[in-house]
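User: Could you walk me through how to read a few features of this structure?

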Amino acid sequence: MSKQSFDTNKSWDALLRLLNLIALIVICIIIYIPVKPSIDRYMNRPRYNKEELKKMSVARSQELSNDWDRVEKGIHVQTGMVYDSNFKHIQSHCLSCHSSKLITQNRADRAGWKSMIRWMQKTQGLHDLSDSEPRILDYLSKHYAPKEVGRRPNIDMKELEWYLLQG
Ligand code: HEC
């Protein structure tokens, strides 16, 4: 090998090495850009000592328990149910298995509510409500009675005559 070609090879080597380095830097930048916000967030995360954490958790639990009792415009805020003197019976007997939504989205008269309660007792493991039952029925039939009939009565599906569309 002549001296000149040896030098050329060497400079090719150096150039390739430089290109490799540039490629490596570019790849690093490409990876860094999307990851940067996460890194920043981690580096700037709020740091609390034990005392502060304890204070925060006490404040939060107070907030939650205040919320539990809060009543606004006659509505118990946490459950969205009407608040009156019988509400506590609902609170202690009806909200342990399912949300209040299941109750508030239903409407029935006293007999209807009673049969829903019997159904839950028979099939869903609802306990005996003893003295609370009449209070609960008072409450439900008062506040969650059937809505007044609107412009037209609901369609009675059983009375409908069905027919097949001919294609
Ligand atoms: C032991 C658990 C339990 C308790 C306590 C309980 N329920 Fe239920 N209830 C259920 C289950 C389970 C269902 C069915 C849930 C479903 O279909 O997703 C249900 C369904 C319902 C429904 C919907 C019925 C329907 O036909 O859609 C209403 C309304 C209801 N409960 C009201 C009450 C009331 C009022 C009380 C308090 C007297 C009560 N529940 C207490 C278990 C319970």
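Below, we go through domains, a surface patch, a core and one loop residue.

Analyst: First, this is a predicted model: local features need pLDDT of at least 70, side-chain atom pairs count only at pLDDT 80 or more, and totals for chains, interfaces and linings use all residues. Residues are numbered from 1 along each chain as its sequence is written, and side-chain values use heavy atoms, leaving out hydrogens and water.

User: Which domains are assigned?

Analyst: Domain bounds come from an automatic or database domain assignment. Here that gives domain 1 (7-45) and domain 2 (74-143), with C-alpha centres 66 Å apart.

User: Which elements give two or more residues to the largest nonpolar core?

Analyst: A nonpolar core is a set of buried Ala, Val, Leu, Ile, Met, Phe, Trp, Tyr and Cys residues joined through side-chain atoms within 4.5 Å. Buried means under 20% relative accessible area, exposed over 50%, partly exposed in between (1.4 Å probe, protein chains only). This core has 15 residues, and M81, I90, W113, I136, Y139 and L140 touch the most other members. The elements you're after are α3 (87-93), α5 (110-123) and α6 (132-143); α6 gives the most, four residues. Helices (H or I, at least four residues) and strands (E, at least two) are DSSP runs, numbered from the N terminus.

User: Is N86 buried or exposed?

Analyst: N86 counts as buried because its relative accessible area is 14%. You'll find N86 in the loop between β3 (81-82) and α3. Contact means heavy atoms within 4.5 Å; beyond neighbours within four places in sequence, N86 contacts R135, D138 and Y139.
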